[in-house]
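Colleague: Could we go through the salt bridges in this one together?
Modeller: Gladly; here is the entry to look at while we talk.

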Amino acid sequence: MSATPESDDSGTFAKGDAADLADDPAVCWEANAETWTKQTRAGYDVYRDHLNTPAFLRLLPPVRGLSGLDIGCGEGNNTRAVARLGARMTALDISPTFIRHAMAKELEEPLGIDYHEGDARQLPFADAGFDFVVAFMSMMDVGDPKAALAEAARVLRPGGFFQFSILHPCFMPPTRKVLRDETGTAYAIRVADYFKVGPWVDTWWFGAVKAEDRKNVPPFRVPYTHLTLSGWLDALTAAGFTLRKLGEPTADAETARRVPEVADTQIAPIFLHFQATLDWDVYKK
């Protein structure tokens, strides 16, 4: 669900204050949903459309004829992409506004997707009900990633796979600065506070929102849990998963030329993709 937090004019990206009760994921995402849907469908989420989702789909195993669940589906863009690959998709989001927009799109362009409002930390589905589970940029935004990973394992059939994407914990930690030369071209990334784990709140706009327009459009407020790389791997294995593949999308030369906004991923990745299978013997313990 989450996209890429944008840098300010100085190139510094720092998380906001630690999350409090007012920053519950359900509250934040419902507040974001209307503007998010409008802007992403207008092409403002450049990293998603030109880099992150295409790379995720390339990594995805064949899904034709399989039943899948998309956790944190937002307005349904990525769910629809997986459904077009031949999967029978069910999708869930905590925001009723996102679900309303997703269902309206399903009525316009039927793909057989079954949408539900619900919480990733307590999925409203039976045990072992899906052949695979996906989560596009949502697992760090759900309030408790460890609980969400455990729920993904619970609803998977034995041998099923789980693929999800997050902000790269090594290169998108709580403090990050893009270093640019005199022409404005990025040449390095400076990172800090990698070990500051826990919930934070990001406040940002899509980069495509012009500076003059930001006076009239409130920024997104996104609850985010930063874990170290080892923290994510420990949580994944504790839930019963075995890691199979990792992906670190980077823009190729043609994409960087055509969409210069994503060229900074040639320096260091912004996103990290996990693909894991459910180890049934470990899960049953």
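**Salt bridges in the predicted model**

Colleague: How buried or exposed is Glu75?
Modeller: In this predicted model, Glu75 has a relative accessible area of 4%, which is under 20% and therefore makes Glu75 buried.

Colleague: And which residue does Glu75 form a salt bridge with?
Modeller: Glu75 forms a salt bridge with Arg48, with 3.6 Å between the closest N and O atoms. The two partners come from distant parts of the chain, since Arg48 belongs to helix α2 (residues 46-59) while Glu75 sits in the loop between β2 (67-71) and α3 (77-83), 27 residues apart. Arg48 is buried as well, its relative accessible area being 12%.

Colleague: OK, switching: what does Arg154 pair with?
Modeller: Arg154 meets Asp127 in a salt bridge, at 2.7 Å from N to O. Because Arg154 lies in helix α5 (residues 145-155) and Asp127 in the loop between β4 (114-117) and β5 (130-136), this pair ties together parts that are 27 residues apart in sequence.

Colleague: Are those two buried or exposed?
Modeller: Arg154 is buried, with a relative accessible area of 16%, whereas Asp127 is exposed at 53%.

Colleague: Which residues do salt bridges with shared partners join into one network?
Modeller: Arg41, Arg48, Asp49, Glu75 and Arg80 are joined into one network in that way.

Colleague: What about Glu109, which side chain does that one meet?
Modeller: The side chain of Glu109 meets that of Lys105 in a salt bridge of 3.4 Å, N to O, and Glu109 is partly exposed, with a relative accessible area of 33%.

Colleague: Last one, how many salt bridges are there?
Modeller: The count comes to 14 salt bridges.

Terms used: Residues numbered from 1 in each chain as written. Predicted model: local features only at pLDDT ≥ 70, side-chain atom pairs only at ≥ 80, totals over all residues. Heavy atoms only, no water. Salt bridge = Lys/Arg side-chain N within 4 Å of Asp/Glu carboxyl O. Helix = DSSP H or I, 4+ residues; strand = E, 2+ residues; numbered from the N terminus. Buried < 20%, exposed > 50% of the residue type's maximum accessible area, 1.4 Å probe, protein only.
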